[in-house]
Amino acid sequence: MSTAVDKLMTLSPVIPVLVIDQLDDAVPLARALVAGGISVLEVTLRTPVALEAIRLISEEVKGAVVGAGTLTDARQFAAVQAAGAQFAISPGTTESLLEAGLDSDIPYLPAVATVSEMMACMELGFTGFKLFPAGAVGGVPALKAFAGPFPDVRFCPTGGVGPDNYREYLALPNVSCVGGSWLAPRALVAENDWSAIQRLATDAVTHSR
Ligand code: 3PG
């Protein structure tokens, strides 16, 4: 695996998948998560303020490793890098995303949902993947099965991972980290309840291993 991707996947056992609607929420949200012990933050490109949120977090939140999620178009690599993203994640992948990921200066974590997709990515040298949507495509049993033919592949299962099951995922030797939106529920963000979010982060990290 590329060292940079490997390193990214082991920086934090849990990666919050952030959907930021209001730009003003970006910095306090990131600060709450970092204060709670989570340094790796995925800001999804699902809202109009996402790029600006990445920029603000990267400039203002000490200790945060902020990246971009939900890349669906290779051209987004340039935009997220310009905004200061330190990594990029996509919910699936395409040939052009993989090529852009290989050319990019920041680590790229493509997502797979099947063995054949994984094998196509491995032909290009990728061995670290988001598994998405993890719960719907087989979850823990699928990851256990992948370990047989692909012992060197590492995963970040995301999608259907939450407080009730994230430890089961993290207990698997081929799971380096998990991702999920449960660490920053939109309702708590809307209420600006940063202390509740900090508690969620602390709780997730404390019980992660
Ligand atoms: C993602 O984009 O990775 C998912 O939306 C996160 O899935 P979750 O909401 O089930 O955690």
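This briefing covers the overall build of one protein chain, two of its helices and a few backbone features.

The model is predicted: local features need pLDDT of at least 70, side-chain atom pairs count only at pLDDT 80 or more, and totals for chains, interfaces and linings use all residues. Residues are numbered from 1 along each chain as its sequence is written, and side-chain values use heavy atoms, with hydrogens and water left out. The protein chain holds 10 helices and nine strands. Helices (H or I, at least four residues) and strands (E, at least two) are DSSP runs, numbered from the N terminus.

**Overall build**

- The C-alpha trace of the protein chain spans about 45 × 35 × 25 Å along its principal axes.
- The radius of gyration of the protein chain is 16 Å, which agrees with the value near 17 Å for a compact globule of 209 residues. This radius is taken over C-alpha atoms, and the globule rule is 2.2 Å times the number of residues to the power 0.38.
- Of the 209 residues in the protein chain, 53% are buried. Buried means under 20% relative accessible area, exposed means over 50%, and partly exposed is in between (1.4 Å probe, protein chains only).
- Among contacts with a separation of 6 or more in the protein chain, 59% join residues 24 or more positions apart. A contact means heavy atoms within 4.5 Å.

**Surface and charge**

- The protein chain exposes about 9,100 Å², and carbon and sulfur atoms supply 53% of that area. Accessible areas come from the Shrake-Rupley method with a 1.4 Å probe; for residues, only the protein chains shown count as cover.
- There are 13 positive and 21 negative side chains in the protein chain, and the centres of the two sets lie 6 Å apart. Lys and Arg count as positive, Asp and Glu as negative, while His and the chain ends are not counted. Each charge is placed at NZ of Lys, CZ of Arg, CG of Asp or CD of Glu.

**Helix α4**

- Helix α4 covers residues 76–83, and F77, V80 and A83 are buried there. Seen down the axis of α4, its buried residues fall within an arc of 130°, so they line one face of the helix. The arc is that of the directions from the helix axis to the C-beta atoms.
- A78 and A82 are exposed on the other side of α4.
- Five elements pack against the buried residues of α4: α3 (50–60), β3 (65–69), β4 (88–89), α5 (95–103) and β5 (108–109).
- G84 comes just after α4 and takes a positive phi of about 105°.

**Helix α2**

- Helix α2 runs over residues 23–35, with D25, A26, V27, L29, A30, A32 and L33 buried.
- The buried residues of α2 pack against β1 (14–18), β2 (40–44), α3, α9 (186–190) and α10 (194–206).
- Just after α2 comes G37, with a positive phi of about 105°.

**Backbone exceptions**

- Most residues other than glycine have a negative phi, and most peptide bonds are trans.
- T70 is not a glycine, yet its phi is positive, near 65°. T70 sits in the loop between β3 and α4. T70 is buried, at 15% relative accessible area. Its contacts include E42, T44, R46, Q76 and P91, not counting residues up to four places away in sequence.
- N192 is also not a glycine and has a positive phi of about 55°. N192 lies in the loop between α9 and α10. N192 is partly exposed, with a relative accessible area of 42%.
- The peptide bond from F132 to P133 is cis, with omega near -10°. P133 is placed in the loop between β7 (128–131) and α7 (139–146).

**Sequence and space**

- N192 and L29 are 163 residues apart in sequence, and 8.1 Å separates them in space, C-alpha to C-alpha.
- G138 and I197 are 59 residues apart in sequence and 29 Å apart in space, C-alpha to C-alpha.
- G138 lies in the loop between β7 and α7. G138 counts as partly exposed, at 30% relative accessibility.
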